[in-house]
Amino acid sequence: MVAEFTNHPQAELTKNLLEQHGIRVSVWSDDCGGLAVGQTFIQRVRLFVPDSDKQAATDILGKGAADG
């Protein structure tokens, strides 16, 4: 997992950014297929990338050395 969000639009914008850099991204959320949108405040929308792309993704998102 490289990022998590409280709503789908934020997650999709970030997914698009990473994909523009050639990184494959999977989006996961437990909101009953969009029927329980408020559920994302409890179970956030998460973005996953392959381990081989994790460093590049965190660099793009500005989460490099500052996050430890």
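# Reading a small predicted fold

Mentor: Two salt bridges are present in this structure. A salt bridge here puts a side-chain nitrogen of Lys or Arg within 4 Å of a carboxyl oxygen of Asp or Glu. This is a predicted model, in which local features need pLDDT of at least 70 and side-chain atom pairs pLDDT 80 or more, while totals for chains, interfaces and linings use all residues. Residues are numbered from 1 along each chain as its sequence is written, and side-chain values use heavy atoms, without hydrogens and water.

Trainee: Which side chain meets Arg46 in a salt bridge?

Mentor: Start with the general idea. Side chains of opposite charge can pair when their charged atoms come close. Here, Arg46 meets Glu4, with 3.3 Å from N to O. Arg46 belongs to strand β3 and Glu4 to strand β1, so this pair ties together parts 42 residues apart in sequence.

Trainee: What counts as a strand or a helix?

Mentor: Both are DSSP runs, numbered from the N terminus: helices are H or I over at least four residues, strands are E over at least two. The protein chain has two helices and three strands. Read from the N terminus, the order is β-α-β-β-α.

Trainee: Where is the other salt bridge, the one of Lys15?

Mentor: Lys15 pairs with Glu19, and their closest N and O atoms are 3.1 Å apart. Both sit in helix α1 (residues 8–20), four residues apart, so about one helical turn separates them.

Trainee: Is Lys15 buried or partly exposed?

Mentor: Learn the cut-offs. Buried means under 20% relative accessible area, exposed means over 50%, and partly exposed lies in between (1.4 Å probe, protein chains only). Lys15 is buried, at 17%. Its partner Glu19 is partly exposed, at 34%. In the other pair, Arg46 has 25% and is partly exposed. Glu4 is partly exposed as well, at 39%. Across the protein chain, 25% of the 68 residues are buried.

Trainee: In what order do the strands form the sheet?

Mentor: Pairing comes first: two strands pair if DSSP finds at least two bridges between them. β1 (residues 3–5) pairs with β3 over three bridges, antiparallel. β2 and β3 are also antiparallel, over three bridges. The result is an open sheet of three strands, ordered β1-β3-β2. β1 and β2 are at the edges with a single partner strand each, so one side of each has no neighbour in the sheet. From one strand to the next, the twist averages 20 degrees.

Trainee: Which residue of β3 is the bridge partner of Glu4?

Mentor: Arg46 is that partner. Arg46 is also the bridge partner of Trp28, a residue of strand β2 (residues 26–28). Next to that, Val27 stands opposite Leu47 in β3.

Trainee: Which residues of β3 lie on the covered face?

Mentor: In a regular strand the side chains alternate between the two faces of the sheet. Now look at β3 (residues 45–48). Val45 and Leu47 make the covered face, Arg46 and Phe48 the uncovered one.

Trainee: How does α1 lie relative to the strands?

Mentor: α1 lies across β1, β2 and β3, and runs at about 15 degrees to β3. Such angles run from 0 to 180 degrees between N-to-C directions, and the axes are lines fitted to C-alpha atoms, for helices over the stretch in contact. Contact means heavy atoms within 4.5 Å. Take Thr14, which lies in α1. Thr14 touches Phe5, Leu47 and Leu61, leaving out residues up to four places away in sequence. Thr14 is buried, at 12% relative accessibility.

Trainee: Which residues make the nonpolar surface patch?

Mentor: Patch residues have over 30% relative accessible area and no salt bridge; like charges are joined within 9 Å, nonpolar side chains (Val, Leu, Ile, Met, Phe, Trp, Tyr) within 5 Å. Met1, Trp28 and Phe48 make this one, of about 280 Å². Areas come from the Shrake-Rupley method with a 1.4 Å probe; for residues, only the protein chains shown count as cover. Trp28 is partly exposed, at 36%. The protein chain exposes about 4,400 Å², and carbon and sulfur atoms supply 51% of that.
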